[in-house]
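Let's walk through this model together, one question at a time.

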Amino acid sequence: MEIIIQPTPEDCARIGGKMVDALLRQKANAVLGLATGSTPVPLYQELVRMRREDDLDFSGVTTFNLDEYIGLPGDHPCSYRHFMQQQLFNHINVRPERTHVPNGLAVDIKAECNAYESAIQAVGGIDLQVLGLGADGHIAFNEPVSSLGSRTRIKTLTQKTREDNARFFDSIDDVPRHCITMGVGTIMECRKLLLFAFGESKAEVIAEAVEGPIRAMVPASALQLHQNVKILVDEAAASKLQQRDYYKEVFSNKPDWQRAGREEH
Ligand code: GLP
């Protein structure tokens with residue numbers, strides 16, 4: 001794992017943006033895995049800026065989002081499809097038919113989940129997956145005690161997650177109870193993982209995920225078994241990492257070309 005600690009979320013987003021840029025310049029038809037929540041917003045702002053100012057080309061890109069609420073149509077203001085349109089897709093030149101978000105209105109949810117997995121396989125897998133981190137250690141919507149080998153499936157949201165996400169809805173009663181989410185196993189098959197976490201509220205859980213034992217109670221801890229994962233955190237989220245001085249030293253000794261994501265750690 002490579003832990004990159006930066007002063008602010010915007011600094012983390014700039015590094016993440018360079019990694020996406022390096023990937024797209026090397027592979028124009030790259031497959032990007034995308035996340036929702038407030039954490040990836042600075043990255044999406046950076047990608048939109050790079051599209052506008054640096055001509056970053058998304059025309060060959062395919063995207064897969066991690067998850068979606070069950071019961072919300074794509075045009076619902078709180079659906080993850082709507083979020084992605086607003087935050088990213090409407091502002092870059094990705095082809096709409098190449099953007100994938102699970103269908104929260106699917107009648108046959110199992111078939112929808114299997115089709116999602118097949119669609120990922122059909123394009124050769126995900127090159128780079130962006131991740132946030134839930135306060136309870138979830139990645140995507142893989143709540144505590146999710147199987148670390150799980151695939152795309154229906155999950156029941158915990159009360160904690162529904163409370164955390166209630167800020168996007170009129171009231172907690174409006175937050176759906178179920179979702180479709182890529183599994184931990186699906187995420188582990190992505191070739192590169194880029195997990196962002198910002199703010200003091202994520203400090204404890206990031207320390208558990210990165211430096212604690214691998215356990216289903218903290219699904220993000222499964223990332224310790226991945227061979228190509230970068231954790232981008234601001235100072236506040238890094239504040240409880242025991243080895244943070246070491247992580248800083250490793251990053252500051254890297255040559256510029258490596259920091260720009262052109263070579264793996
Ligand atoms: C939701 C999403 C996750 C995200 C998490 C954290 O539960 N399904 O993918 O990582 O929220 O949200 P935030 O980034 O707003 O803290």
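**Around the ligand**

Q: Which residues come nearest, of the 14 residues around the ligand?
A: This is a predicted model, in which local features need pLDDT of at least 70, side-chain atom pairs count only at pLDDT 80 or more, and totals for chains, interfaces and linings use all residues. Residues are numbered from 1 along each chain as its sequence is written, and side-chain values use heavy atoms, with hydrogens and water left out. A residue counts as near if one of its heavy atoms lies within 4 Å of the molecule. Of the 14 residues around the ligand, those that come nearest are Ser38, Thr39, Asp67, Arg167 and Lys202.

Q: How many Å from an oxygen atom of the ligand is a polar side-chain atom of Thr39?
A: Polar contacts with the ligand are pairs of N or O atoms within 3.5 Å. One pairs a polar side-chain atom of His138 with a ligand oxygen at 2.9 Å. For the polar side-chain atom of Thr39, the distance to a ligand oxygen is 2.4 Å.

Q: Which residue has a polar backbone atom 3.3 Å from a nitrogen atom of the ligand?
A: Here the protein partner is a backbone atom, and the ligand contributes a nitrogen. At 3.3 Å, the residue is Ala140.

Q: What is the chain's average pLDDT?
A: pLDDT is the predictor's confidence in each residue, from 0 to 100. In this chain, 97% of the residues score at least 70. The average is 96.

Notes: A polar contact is a pair of N or O atoms within 3.5 Å; within protein, one must be able to donate a hydrogen and the other to accept it, and residues adjacent in sequence count only if both atoms are side-chain atoms.
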